[in-house]
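Me: I would like to go through this structure by question and answer, with the reasoning set out before each result. Please begin with the surroundings of the ligand.

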Amino acid sequence: MTRLSAVKPSGHVQLGNYLGAIRRWADEHGPNDVFFICDLHAMTVPHNPGRLRALTREQLAILVAAGVDPEVACVYVQSDLVDMHGALTWLLECTCTYGEAIRMIQFREKGAGQTSVRLGLLTYPVLMAADILLHGTDEVPVGEDQSQHLELARTLAKRFNHSYGEVFTLPRAVLPTVAARVRDLSDPTRKMGKSAGDSPGVVYVLDPPDIVRRKIRRAVTDDRAAVRYAPDEQPGVANLLEILAACTGTSPYTLAGTISSYAELKESVADAVVETLRPVRERAAELLADPAELDRVRKLGAERARTHARSRLDAALEVAGLR
Ligand code: AQP
């Protein structure tokens with residue numbers, strides 16, 4: 001059974017990406033899993049080419065440093081197969097209707113109020129369908145915000161199969177088992193996100209320990225001076241307790257009973273986060289300083305992904321009358 005997961009190089013990898021997803025990928029991956037850095041998706045909004053290139057390498061280094069083993073699972077950069085993703089996207093764009101594309105809620109939300117949007121913002125759900133179908137994916141762990149796109153991928157797979165011949169596996173959405181939902185330290189009403197830029201509320205995986213500590217010490221709490229796990233009433237404190245729980249494998253309720261002040265809570269969170277990220281940061285730094293090794297990993301992933309996808313793309317081109 002093939003499972004597909006991705007990370008988008010729209011910013012530096014943050015603590016939420018790591019605790020919520022990457023750490024679990026590292027713990028649970030097997031030979032049928034496919035992980036990719038979806039750099040093509042990072043181009044739907046204005047982007048800087050040099051920064052995109054650097055973020056892509058950084059994300060690959062972090063995935064591997066975190067323990068996603070490229071010798072076990074398929075770990076690759078999407079643009080290394082740009083010919084294949086691009087070709088299948090075209091077949092699927094010619095399977096999708098304009099009406100289906102403009103009904104995508106994310107397009108309406110992200111495009112709202114903009115004077116000019118890239119056409120790719122409208123069509124990226126079709127690229128996402130191509131990503132999924134190219135690999136014969138059975139399961140895609142997606143959050144609520146992406147479930148409409150997964151539904152589109154199923155619709156396009158069914159329509160293509162029905163029109164031309166059975167080529168594509170119908171993918172299923174599975175709710176990801178989120179190890180932790182990490183919130184922004186400055187505004188705990190919203191999730192921590194990597195595209196927030198240089199925000200004091202976002203801890204990046206490659207932040208040096210002193211920066212991590214400073215950001216956590218400045219985290220927003222409240223004036224109740226009571227360490228309780230009450231996410232609705234005390235979202236800032238609850239977020240810190242959840243981060244500590246995710247790092248230490250304890251429940252936030254239990255932790256709340258053992259800590260008496262906000263200062264103590266922040267010190268414990270800072271220690272735990274620094275120690276949790278340390279091995280990943282150090283290994284990623286080694287990989288980033290060893291371009292030959294990172295290139296080897298990248299090439300290995302691209303070759304595996306290409307082999308995995310080749311026969312399916314060929315079959316799709318063939319039945320559509322292009323061979
Ligand atoms: N705050 C978070 N808490 C827990 N999990 C999170 N993830 C992201 N933020 C948190 C999970 O990380 C994986 C990879 O995310 P992505 O690169 O696909 O992009 P995203 O979900 O849009 O993450 P970001 O960091 O918030 O990026 P931007 O700011 O660009 O939107 C996913 O499994 C995601 O659930």
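Me: Which residues come nearest to the ligand?
Reply: The model is a predicted one, and the shell around its ligand holds 21 residues. Within that shell, the residues that come nearest are G16, G20, G193, K194 and S195.

Me: Which element supplies the largest share of the shell around the ligand?
Reply: Strand 1, residues 3-7, and helix 1, residues 15-28, each give at least two residues to the shell. By class the shell is made up of eight nonpolar, nine polar and four charged residues. The largest share, four residues, comes from helix 1.

Me: Is V7 buried or exposed?
Reply: V7 is found in strand 1, and, leaving aside residues up to four places away in sequence, V7 touches N17, I37 and Q59. Its C-alpha atom is separated by 13 Å from that of L52, which is 45 residues apart from V7 along the chain. Because V7 has 21 C-beta neighbours inside 10 Å, and 20 or more are required for this class, V7 counts as buried.

Me: How are helix 9 and helix 11 oriented to each other, parallel, perpendicular or oblique?
Reply: Helix 9 covers residues 235-248 and helix 11 covers residues 262-288, and the two pack with their axes 9 Å apart at an angle of about 40°. Angles under 35 degrees would count as roughly parallel, and those from 65 to 115 as roughly perpendicular. The angle therefore makes the orientation of helix 9 to helix 11 oblique.

Me: What is the class make-up of the contact of helix 9 with helix 11?
Reply: The crossing of these two helices, helix 9 and helix 11, is left-handed. Helix 9 contributes L240, I243, L244, C247 and T248 to the contact, while helix 11 contributes L265, K266, S268, V269, A272, V273 and T276. Sorted by class, the contact has eight nonpolar, three polar and one charged residues.

Me: What handedness does the crossing of helix 2 and helix 11 have?
Reply: The axes of helix 2, residues 49-66, and helix 11 come within 8 Å and cross at roughly 130°. The two helices, helix 2 and helix 11, are therefore oblique to each other. Their crossing is right-handed.

Me: How many charged residues are in the contact of helix 2 with helix 11?
Reply: On the side of helix 2 the contact is made by R57, E58, A61, I62, V64, A65 and A66, and on the side of helix 11 by V280, R283, A284, L287 and L288. By class, this contact of helix 2 with helix 11 has nine nonpolar residues and no polar ones, and its charged residues number three.

Me: Is E282 buried or exposed?
Reply: E282 lies in helix 11, and its C-alpha atom is separated by 39 Å from that of S311, 29 residues apart from E282 along the chain. Because E282 has 11 other C-beta atoms within 10 Å, and the limit for this class is 12 or fewer, E282 is exposed.

Me: Which residue other than glycine has a positive phi, near 50°?
Reply: The residue has its place in the loop between helix 8, residues 209-217, and helix 9. With 10 C-beta neighbours inside 10 Å, it counts as exposed. The residue with this positive phi is A225.

Conventions: Residues are numbered from 1 along each chain as its sequence is written. This is a predicted model: local features need pLDDT of at least 70, side-chain atom pairs count only at pLDDT 80 or more; totals for chains, interfaces and linings use all residues. A residue is near a molecule or strand if its C-beta atom, placed from the backbone, lies within 6 Å of it. Ala, Val, Leu, Ile, Met, Phe, Trp, Tyr, Cys and Pro count as nonpolar, Asp, Glu, Lys and Arg as charged, and the others, Gly among them, as polar. Axes are lines fitted to C-alpha atoms, for helices over the stretch in contact, and angles run from 0 to 180 degrees between N-to-C directions. Angles under 35 degrees count as roughly parallel, over 145 as roughly antiparallel, 65 to 115 as roughly perpendicular and the rest as oblique. A crossing is left-handed if the near helix is turned anticlockwise from the far one by less than a right angle, and right-handed if clockwise. Two residues are in contact if their C-beta atoms, placed from the backbone, lie within 7 Å.
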